[in-house]
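I opened the model to look up sheets, helix packing and backbone oddities. My notes follow, in the order I took them.

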Amino acid sequence: MLDHLAFESPKPARIAGAKEDWELVIGMEVHAQVSSNAKLFSGASTRFGAEPNSNVAFVDAAMPGMLPVINDYCVEQAVRTGLGLRAEINLWSAFDRKNYFYPDLPQGYQISQLYHPIVGEGEVIVDMGPGVARRVRIERIHLEQDAGKSIHDMDPAMSFVDLNRTGVALMEIVSRPDIRGPEEAAAYVQKLRQILRYLGTCDGNMQEGSLRADVNVSVCRPGAYERYMETQDFSHLGTRCEIKNMNSLRFIQAAIDHEARRQIALLEDGGAVVQETRLYDPDKGETRSMRSKEEAHDYRYFPCPDLLPLEIEQDWVDAIKAGLPELPDEKKARFVKDFGLSEYDAGVLTADVEAAHYFERVAEGRDGKLAANWVINELFGRLKKEGHDITESPVDPDQLGGIIALIQNGEISGKIAKDLFEIVFTEGGDPAVIVVERGMKQVTDTGAIEAAVDEVIAANPAQVEKAKANPKLAGWFVGQVMKATGGKANPKAVNEIVAKKLGL
Amino acid sequence: MSDLTKLTIAAAREALSKGETTAVELTEACLAEIEAADALGAFVHKTPEIALDQAKAADARIKAGEATAMTGIPLGIKDLFCTMGVASQAASGILDGFKPEYESTVTQNLFGAGAVMLGKLNMDEFAMGSSNETSVYGNAVNPWKVDERALTPGGSSGGSASAVAADLCLAATGTDTGGSIRQPAAFTGITGLKPTYGRVSRWGIIAFASSLDQAGPMTKSVRDSAIMLGAMAGHDPKDSTSANIPELDFEAALTGDIRGKVIGIPREYRLDGMPAEIEKLWDEGKAMLADAGAKLIDITLPHTKYALPAYYVIAPAEASSNLARYDGVRYGHRARLGSGEGITEMYEKTRAEGFGAEVQRRVMVGTYVLSAGFYDAYYNRARKVRALIKRDFDEAFDQGVDAILTPATPSAAFGLGEMAEADPVQMYLNDVFTVTVNLAGLPGMSVPAGLDAKGLPLGLQLIGKPWEEADLLNTAYALERAAGFVSKPAKWW
């Protein structure tokens, strides 16, 4: 099976320091909220935007004696995600407690999977342009609980806590340091988001916090990264800083760029990068220190004694695998192969799973390239103008397919088709019926076309002489005929008849 | 009927079914005893209204012919169990005023079977202790008294032991993390059973050390333990560590016939400096089981000596994490803050004020052994020891051993306050015979088997195979019959 198109690796981003050139090395920990109606260890709802503290079970509030019980669906979603990232699924995994005090963490610990994650090594192919992509290795994916929300700006003296998000299932997707620049980092998150949305395991909504990234950035001299890749020895790489909790692609790029430049300036000044956690301030456009390694929490991880190891069956994993949808890389490759699309167009059409499904229904049994042009140029353009996304399109795939069928059958010209599309977009209706009712069908009756050509020739003798001397001018006659027929004449027939009548 | 409160569950069941007494009569008799027994410090929250309502309902149920073995039986409930609308504080100041909006699975099972709750029982704070002296309510007292000294009822289920031994209730719930059912049972001359880990749901029981905690019955006879375990146990989907295995009729297993059973005598349990009385009791126990037709064999459990240190790493480690939720944010005690003080001060002051010294000690020990740089040396090593201890038992059972006989405690009950100045490790030594059972997840029982020279009760421990409580109870039943322990404390309270 064709998984993905052949690609070459992009060049790493390079930053010229005051003294020398530097390269970036980036690894990411993406926290993706699992699409599930209930939390990871309780039956409480996960609905976004509910009244504060309304989606809270006793166990979420860490009432005395309450115990967690794993939500099987969240496990299934994590396995599905792992399979979607071509990763190894661990049939035996276990939960650990990560201990720290904070008011929005009622238990005083987060249940996570440090020692034995449910998903092992996988990969994400990050497209950086036609024929160019970065293969980013996934180290692991583990399941863990989200924390609640502390609200410090409602009262001058008090802080408030909302536990609605407490205990919601997250997948932490940890990459290897294979990302080599700010654009690649944003593209990686975008690609991951695309895959998760195809899989239906995370809605990818970054504004609502469903997808957040911690970004590890270091810089090194050209050549050092290659030595790391040969040996997997981290000592070839620079000391990294972790930028926490990024939820915008634009900020991720800006933060990485700033952080890399800060590290380069430090190093070129003879200083050293200190391993620490930093926060990005989008207002100032800079990162600042949150806590250093020395003051880092000691999380005292240990196996959660309230939960048995998570054991799953290979048969169950196989059944999930069999039910996986076609994923972006495969779909894109298939669009190129089956519909003859350019890689670029196939990439545009598969960027969003809904758009890809829409296109496939339009293209089914029709000219794929024509369908792609219409979906990308006319439909996407018109939707963008209206501020709609594909799920809100007033033109459904059958209607657009109907228009394309009319073009393919020669019943309407491309120009008329645009008018027809506008009618369907604003008024609705069956395109085949509309063209009949409104007399938009193309004239293919050669007799009628001949009459129109004769009329134009008769009215313009001077032009006829010129055209006979210079056959390129025949186009002028074609235009006049099209004009006279209100654009409905079949352009191919008009061309032929004009040429014949002019004796060209 | 007279002496209603002295009845066993089995005897009360018969009297109730024959109409010789009613649940209300039984309950009122117990409530009267409780009212007169404040000197024992056993009941810390009394619930007479609930008790009488439940008793009336039980009588109606008995009349309707829908009684179970526990219907109308007045019980005391250890303060570690969350009981709906009734103070449930784990004997800690940090849960001051906490009344759960939910009922623990065990108490729900018992009340669902028609049992009656008389009130909540004293214990060591968060079940951490062997003398009931770490309770925020003040200690419970052992009803056994041979001189002017007030004795400990043991711990942590000291209130439960004291209440059952003093006939304030027919039976009580206990919990056992390292011996907290078996040691107080031995100190007060009653029967206590710690079931196989996973037999009884932990849902709604305030956690001490989750991988070791297990609830069980504290009763006046082996038969009562069998009856009560049957009502407490069962698979609970709300507790992931609860086992989904078919329930047995534990009482039906009590034939007293142990002919051909193989009883292992572990040589490592013969401690240096062990009181001669304990050794003598052990020998008597062996003889009783041999007379009943069991075959005694010497076995070795070579990692026993590492059990106590491993336990005192694992239990505090889990406790340090389990007790992190008591932070003053959502329930229980919250310290008063001065101006300019914030969340850190709130945590520090709340926990300093709310937790007693022993709990604080264990939280600190637990935090330490899980810390970066110490984890492998302490926690991981302790886990390895735990696996070896379990393997020791597995090998003994694989040799054909059906049950293991040991002393329950290294001494009889000691005086309250006697250990105040001692190294905490001296107190921890009380658990030397019992912690192995928790580390290995096995069922264990303490059966009263005799009196020491001063007239204080002593118990023997029987350790069974996992999930074979029925067999263990039957062996205990044979031992109980042979020992013929009928002594009762003289009433002084």
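Before I started on strands I fixed one term: two strands pair if DSSP finds at least two bridges between them. I also kept in mind that this is a predicted model.

**Entry 1: the three-stranded sheet of chain A**

I asked which strands form the open sheet and in what order. I read β5-β4-β15 of chain A, three strands with antiparallel pairing. The edges are β5 (109-112) and β15 (302-303) of chain A, each pairing on one side only. I then checked β4 (residues 96-99) of chain A against β15(A) and found two bridges in the antiparallel sense. That meets the criterion, because pairing needs at least two bridges. Within this pair, Asp96(A) stands opposite Pro303(A) of β15(A).

I next looked for what lies across β4, β5 and β15 of chain A. A helix of chain B does: α9 (residues 307-322). This α9 of chain B runs at about 60° to β4(A).

**Entry 2: domains of chain A**

I noted three domains in chain A: domain 1 (6-321), domain 2 (326-437) and domain 3 (446-502). I took the C-alpha centres of domain 1 and domain 3 of chain A and got a separation of 66 Å.

**Entry 3: α9, α10 and α11 of chain A**

I took α9 (residues 368-386) and α10 (residues 397-408) of chain A first. Their axes come within 10 Å and cross at roughly 125°. The pair therefore counts as oblique. The crossing of α9(A) past α10(A) is right-handed. From α9(A), the contact takes Leu370(A), Ala371(A), Trp374(A), Val375(A) and Leu379(A). From α10(A), I listed Leu400(A), Ile403(A), Ile404(A), Ile407(A) and Gln408(A). By class, the contact of α9(A) with α10(A) holds nine nonpolar residues, one polar and no charged.

Then I turned to the other partner, α11 (residues 414-427) of chain A. The axes of α10(A) and α11(A) are 11 Å apart, at an angle of about 160°. How are these two helices oriented to each other? Angles over 145 degrees count as roughly antiparallel, so α10(A) is roughly antiparallel to α11(A). The crossing of α10(A) past α11(A) is again a right-handed one. On the α10(A) side I found Gln399(A), Leu400(A), Ile403(A), Leu406(A) and Ile407(A). On the α11(A) side I found Ala417(A), Leu420(A), Phe421(A) and Val424(A). Eight residues of the contact of α10(A) with α11(A) are nonpolar, one is polar and none is charged. I marked Leu400(A), Ile403(A) and Ile407(A), which appear in the contact with α9(A) and also in the contact with α11(A).

**Entry 4: α15 and α16 of chain A**

I looked up α15 (residues 474-484) and α16 (residues 491-502) of chain A. They pack at about 125°, with axes 9 Å apart. So α15(A) is oblique to α16(A). The crossing is right-handed. I listed Ala474(A), Phe477(A), Val478(A), Val481(A) and Met482(A) from α15(A). Opposite them, α16(A) supplies Pro491(A), Val494(A), Asn495(A), Val498(A) and Leu502(A). The contact of α15(A) with α16(A) divides into nine nonpolar, one polar and no charged residues.

**Entry 5: the sheet of chain B**

I traced an open sheet of 11 strands in chain B, with mixed pairing. The order is β1-β3-β2-β4-β6-β5-β10-β11-β9-β7-β8. Its edge strands are β1 (43-46) and β8 (295-299) of chain B. Neighbouring strands are turned by 30° against each other on average, direction ignored.

At the β8(B) edge, β7 (residues 262-266) of chain B pairs with β8(B) in the parallel sense over five bridges. Ile265(B) stands opposite Asp298(B) of β8(B).

I then checked helices against this sheet. Helix α2 (residues 23-35) of chain B lies across β1, β2 (74-78) and β3 of chain B, at about 20° to β3(B). Helix α8 (residues 276-291) of chain B lies across β7, β8, β9 (403-407), β10 (444-451) and β11 (457-464) of chain B. Its angle to β11(B) is about 55°.

**Entry 6: backbone oddities in chain B**

Most residues other than glycine have a negative phi, and most peptide bonds are trans. I looked for exceptions. The peptide bond joining Gly155(B) and Ser156(B) is cis, with omega about 5°. Ser156(B) lies in the loop between β3 (116-121) and α5 (158-165) of chain B. Ala127(B) has a positive phi, near 65°. I placed Ala127(B) in the loop between β3 and α5 of chain B.

Definitions and conventions:
Residues numbered from 1 in each chain as written. Chains lettered and ligands numbered in written order. Predicted model: local features only at pLDDT ≥ 70, side-chain atom pairs only at ≥ 80, totals over all residues. Heavy atoms only, no water. Domains from an automatic or database assignment. Helix = DSSP H or I, 4+ residues; strand = E, 2+ residues; numbered from the N terminus. Contact = heavy atoms within 4.5 Å. Axes fitted to C-alpha atoms, helices over the stretch in contact; angles between N-to-C directions. Parallel < 35°, antiparallel > 145°, perpendicular 65-115°, else oblique. Left-handed = near helix turned anticlockwise from the far one by under 90°. Nonpolar A, V, L, I, M, F, W, Y, C, P; charged D, E, K, R; others polar.
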